[in-house]
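Welcome to this short briefing on a protein chain. Please take a moment to look over the sequence and the 3D view, and then read on for a guided tour of its spaces and its charged pairs.

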Amino acid sequence: MKIGFYPRLAWSGIRKNKELYIPYLLTCIGMIMMYYIVSYLYTGSLLSTVRGGDIVAALMGLGRFVIGVFSVIFLFYTHSFLIRRRKREFGLYSILGMNKLNLARIMIWESVTVICISLVSGLAFGILFSKLAELLMNYILRADVNYSMQINPENVRQTVILYLVIFLLILVVTLRQIHVTDPIQLLRSENVGERPPKANWPMALIGAALLGIAYYLAVSIEDPVAAMLWFFLAVLLVVGGTYLLFIAGSVALCRLLQKNKRYYYKTNHFVSVSSMVYRMKRNGAGLASICILCTMVLVMLSSTVCLYGGQESSLRSRYPRNIMTDNRADSYEQLREENYAPIRAAIEEVLSAHGQTAAARNILDYSYVALAGVLHEGTIWAGTSNIYNLEDATYGDMWEIFVVSLADYNRLMKTQETLEPGQLLLYTTKRRFRQESLQFAGTEQVWQVKRVKSFVDNGVDSMQIIPSMFLIVEDVESFIQPMAEWAEDYGDSLLQYDWIYGFDLDCSVEEQGTIFYEIMGKLSQLPEQGVLLHCSVESVASNRSDFQQMYGGLFFLGIMLSIVFVFATTLIMYYKQISEGYEDQSRFVILQKVGMTRKEIKKTINSQVMTVFFLPLLAAGIHLGFAFPFLYKGLMLLNFKNLWLLLQVAIAAYLLFGVGYVVVYRITSRAYYHLVGGAK
């Protein structure tokens, strides 16, 4: 054969199947572009110049890994739609005299063409939009803007290597399919699976059971730590249950609709249901993929938008006042006013120099005794080592316990609570305490619980993933005496004694930073003056950037991955419409010949497409609703507590995504109608 015959034949095949190849090429270009952009941000100079940039860099590294893995799965999946349509063409080539080596050469040249177009265009767009993405990240992270354009050769090399490997693997799989299939099978490949499958009720019930278990885990687990431990199992159950229900359950649903004579024996329903049932097994897998991708986008957007929008409240939960000092004592006896006075004086000296009056400070001033423990069978075992010593104890049984005096509680909360003998007030975070009494191991006293609804943030609770229990008692010293004696006997540093002193400032962020460093310098000199407490100081102003980098990085990563998943969802919907349009074309030709009008065909198409393509959106909404408790508990571990904001964002994300989904549906359904409704 002449030189250039196979390249021309390959290009002709791509050109004549442009309605299949153009979306596939756009997908490849988009994946390469997104991978390069995230790689550019991961290794770029921006993250090395901002405070907390290492956190964002780690997030970008995670995003690059996710996009890489998803590219492998998704490009194989979309290529299967494309090659299914081409198999009939290859079968025709075989009948006309081409052998499998000739077909392989055509496929190799097609792959070379796709690789060249995808890599060149993807890298070009990636380099072009990488700076725009960096500017967007600058805005989100509130970093300084650098308008210089850079190209990292290492990022280009890694991107080229990764996608060359993916394209070569796709080519190998395609060549194997052609090699093991005879020409007659290639010609009939589009009709494979045309036998109407039976309703697989056991598989549908298993799918429903898997979803039921996942939903039960989501709504029944209250502890955030336990929720996150079970979260990944629940995700696997949802994915498995979704696929089983869409594959087997959709067939069963079609069978039920066929048995409903009042529904089935109507022109539009009769044709659409009878058409769907023939290919629902394969169709169900694609619909399940759409549903899972929709759910991923909704969960990702809801969580990252909430974290970014609620970062100020999370920051103030971690730092309840502009300046926070934590002053630790070696014993409870040291928590006395005479030890506090030098610290107050040193802080007051700095504040007075900056004109900060006491009236504007919103002072937080109280002491507590802290210990970690395991709540097991109604008894608190002091010390985290008991997690290994108690049978059936889990990490979900661990608590951080703060013992506070009743006098401090009433002063801080402006209440007049009283306690009976053997009674205490109890407030918990992250998890409910349902018992009416509690007891510490090794003591005989059983304390009756009187619950309160709130207490001030101390900054410590927000740093930990385990829940906190605030015990408000009349006499702290006598309450902790048994535990202190136990700790002394065993030489265990079981108890921590802290005095919290914090206050707000009425000045600019820059001046707050100056005051913070001056206070830190003053407190560092106190041990030389004989002060017994060990002082540490924190500032909202000096730590705000760390929060902004972490939450901003998560928000940006959520945007990037959502774009990738939305793009994937759109392409799957388009390919399903195209492939099913070709399959249904001959059926509607016959129906037109027996008298069905174009108006009736359009009604039938709308009935079929709406039934099929709005099921994933509905199922994604149900998944999001049951995932909501899991989502909220996970965000609590990141110090987010605004339930109402999360609910609003989740509803808004679903509605906005639903609008976009409808737009995509309308566009892709036109392609289907063009193939089917336009048949004469």
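Before the tour, one definition helps with sorting residues into classes: Ala, Val, Leu, Ile, Met, Phe, Trp, Tyr, Cys and Pro count as nonpolar, Asp, Glu, Lys and Arg count as charged, and the others, Gly among them, count as polar. Please keep in mind that this is a predicted model. The chain has 680 residues, and 53% of them are buried.

**The chain as a whole**

- The chain contains 21 helices and 10 strands.
- Among contacts in the chain with a separation of 6 or more, 84% are between residues 24 or more positions apart.
- The chain has an accessible surface of about 32100 Å², and carbon and sulfur atoms account for 62% of that surface.

**The largest cavity**

- There are 3 cavities of 30 Å³ or more in the structure.
- The largest cavity has a volume of about 110 Å³.
- Its lining consists of 13 residues, and those nearest the centre of the cavity are Tyr24, His79, Ser111, Val114 and Ile170.
- Two or more lining residues come from each of these elements: helix H2 (18-43), H4, helix H5 (100-141) and helix H6 (153-180).
- Helix H5 contributes the most to the lining of this cavity, with 5 residues.
- Sorted by class, the lining of the largest cavity has 9 nonpolar residues, 3 polar residues and 1 charged residue.

**The largest pocket**

- The largest pocket holds about 1700 Å³ of space.
- Of the 45 residues lining this pocket, Phe231, Val235, Met296, Val299 and Met300 are the closest to its centre.
- The elements that give two or more residues to this lining are helix H4 (53-95), helix H8 (201-220), helix H9 (224-259), helix H11 (267-309), helix H18 (540-593) and helix H20 (615-637).
- Helix H11 provides the largest share of the lining, 10 residues.
- What classes of residue make up the lining of the largest pocket? There are 37 nonpolar residues, 8 polar residues and no charged residues.

**The second largest pocket**

- The second largest pocket has a volume of about 610 Å³.
- Its lining is made of 24 residues, and Glu222, Lys430, Arg431, Arg432 and Met636 lie nearest the centre of the pocket.
- Helix H8, strand E5 (423-429) and helix H20 each give at least two residues to this lining.
- Helix H20 supplies the largest share here, 5 residues.
- By class, the lining of the second largest pocket has 12 nonpolar, 2 polar and 10 charged residues, whereas the lining of the largest pocket has no charged residues.

**Salt bridges**

- How many salt bridges does the structure hold? The structure holds 10 salt bridges, and three of the pairs are described below.
- Glu154 and Arg157 join their side chains in a salt bridge, at 2.5 Å from N to O.
- These partners are about one helical turn from each other, because Glu154 and Arg157 are 3 residues apart in helix H6.
- Glu154 counts as partly exposed, because its relative accessibility is 33%, and Arg157 is partly exposed too, with a relative accessible area of 44%.
- Asp504 forms a salt bridge with Arg316, and their closest N and O atoms are 3.0 Å apart.
- This pair links distant parts of the chain, with the two positions 188 residues apart: Asp504 is in the loop between strand E9 (496-503) and helix H17 (509-524), while Arg316 is in helix H12 (residues 311-318).
- Is Asp504 buried or exposed? Asp504 is buried, because its relative accessible area is 15% and buried means under 20%.
- Its partner Arg316 has a relative accessibility of 26%, so Arg316 counts as partly exposed.
- Glu337 and Arg344 form another salt bridge, with their closest N and O atoms 3.1 Å apart.
- Salt bridges with shared partners connect Glu337, Arg344 and Asp365 in one network.
- Within this network, Glu337 is partly exposed with a relative accessible area of 42%, and Arg344 is partly exposed at 22% relative accessibility.

Definitions and conventions. Residues numbered from 1 in each chain as written. Predicted model: local features only at pLDDT ≥ 70, side-chain atom pairs only at ≥ 80, totals over all residues. Heavy atoms only, no water. 1 Å grid on protein atoms, 1.4 Å probe; cavity = no way out; pocket = protein on both sides within 12 Å on 5 of 7 lines; lining within 4 Å. Points joined across faces, edges and corners; volume = space filled by probe spheres on them. Helix = DSSP H or I, 4+ residues; strand = E, 2+ residues; numbered from the N terminus. Buried < 20%, exposed > 50% of the residue type's maximum accessible area, 1.4 Å probe, protein only. Contact = heavy atoms within 4.5 Å. Areas by Shrake-Rupley, 256 points an atom, 1.4 Å probe, with all protein chains shown as cover. Salt bridge = Lys/Arg side-chain N within 4 Å of Asp/Glu carboxyl O.
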